[in-house]
Amino acid sequence: MNAPRARSVTAALAALAALAGCAGGAARPRSELSAVRRTGAQRSWAQTVAGATPPALDPRNVYAADGAGMLSARVRADPALVYVPNSGSNTVDVISQRTFKVVAHFAAGALPQHVTPSWDLRTLYVTNDAGNSLTPIDPRTARPGRSIAVLDPYNMYVTPDGRWAIVVAEAHRELDFRDAHTMALHDALATPECAGVDHMDYTADGRYALVSCEFAGRMIVVDLGAERVIKTIELAPGAMPQDVKLSPDGRVFYVADMANNGVWVIDAHAMRVVEMVLTGAGAHGLYPSRDARVLYVSNRGEGSISVLSFASRHAIAKWWLPGGGSPDMGGVSADGKVLWLSGRYNAEVYAISTATGRLLRRIPVGSGPHGLCVWPQPGRYSIGHTGILR
């Protein structure tokens, strides 16, 4: 299933995609299937949240807890590092945010795709897609732990109450709801209409997820309480939706489209397309600024970053990487001053000034760097991916 991802990239990454397709097709263990059948009826919204989702700090800004320097006590002592999963090398490079140098390097499982913070901010997980495993990292020491067997973890999110980890099993076209602490399978939600199920974000109230279907040119809406798909949103023919982010006011979602070179704006209440905002070739990753005023869009196909105003929903700046590059996934530093992005097809990481758009450093890493995680980050809890905190 991952093989189509390579059609717009280089031959080297095509080999990686083929590898993912082979491993991603592994059969689910019979014990897991039995467990799903036993727990499949436990799906009420009341059971899911049970009042445990932290209340919003500001109903007008879902990122109110993510301001510059607003680190929780749980992460304040964690070293300021960037964790880079190298899909082509099956490794993780660790970069010091202070020196811009690689300070550690360790092996991961096959085809590591993203580094995802746990809901309680105490563990980072490397999602080893073709390796059918997660590699836990202790962010206090930057050391990896023993791998955890998980089927086809291309990406991973966490429900806002912290109860379920949602493993995005792309090759199997399903969203696997797992216990966020033990990773035991609770429910496998089949999404046959969502080829290339990839990225998601949640509504402000945490009841619904908007999920991208990269190879189907559409989005799906998932009721998290019922654990079922309730709506399909068609985009343009040939669309390749990627990253998804909610606006600070919770009114719209932004969805990067790698094929249409821009960002879809989708009404978060009606769940319908509002407009398309052009940004640049290969629009891919979406990252809010620490003051929640702008959205950084990585245009992987042309080596640029567009800056969109949340207020106007239009681009107000574009930053070009000198000499080109392939800016992909990443995050913003805790102080909001540096945007960190992986150079997917250039074996490098970019550190970019958010004040000027100037490239501060180009750091060599392993082959095929993908969903890097900037750590620590402000916020009270994580809802997954490379670090979406609220």
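How much space lies in the second largest pocket? About 150 Å³. This is a predicted model, and that pocket is one part of its picture.

**The chain as a whole**

The chain has 390 residues, and 62% of them count as buried. Its secondary structure comes to 3 helices and 29 strands. Now take the contacts between residues at least 6 apart in sequence. Of these, 48% join residues at least 24 apart. The accessible surface of the chain is about 13900 Å². Carbon and sulfur atoms account for 55% of that surface.

**Two pockets**

The largest pocket holds about 240 Å³ of space. It is lined by 20 residues. Closest to its centre are P54, P55, A56, A204 and Y381.

Which residues line the second largest pocket? Its lining includes T203, A204, D205 and Y208. V221, I230, K231 and G250 also belong to it. A268, H269 and M271 complete the list. A204 thus appears in the lining of the largest pocket and in that of the second largest pocket.

The table sets out space and residue classes for each pocket.

| Pocket | Space | Nonpolar lining | Polar lining | Charged lining |
|---|---|---|---|---|
| Largest pocket | about 240 Å³ | 13 residues | 3 residues | 4 residues |
| Second largest pocket | about 150 Å³ | 6 residues | 3 residues | 2 residues |

In the largest pocket, 13 lining residues are nonpolar and 4 are charged. In the second largest pocket, 6 are nonpolar and 2 are charged.

Definitions and conventions: Residues numbered from 1 in each chain as written. Predicted model: local features only at pLDDT ≥ 70, side-chain atom pairs only at ≥ 80, totals over all residues. Heavy atoms only, no water. 1 Å grid on protein atoms, 1.4 Å probe; cavity = no way out; pocket = protein on both sides within 12 Å on 5 of 7 lines; lining within 4 Å. Points joined across faces, edges and corners; volume = space filled by probe spheres on them. Nonpolar A, V, L, I, M, F, W, Y, C, P; charged D, E, K, R; others polar. Helix = DSSP H or I, 4+ residues; strand = E, 2+ residues; numbered from the N terminus. Buried < 20%, exposed > 50% of the residue type's maximum accessible area, 1.4 Å probe, protein only. Contact = heavy atoms within 4.5 Å. Areas by Shrake-Rupley, 256 points an atom, 1.4 Å probe, with all protein chains shown as cover.
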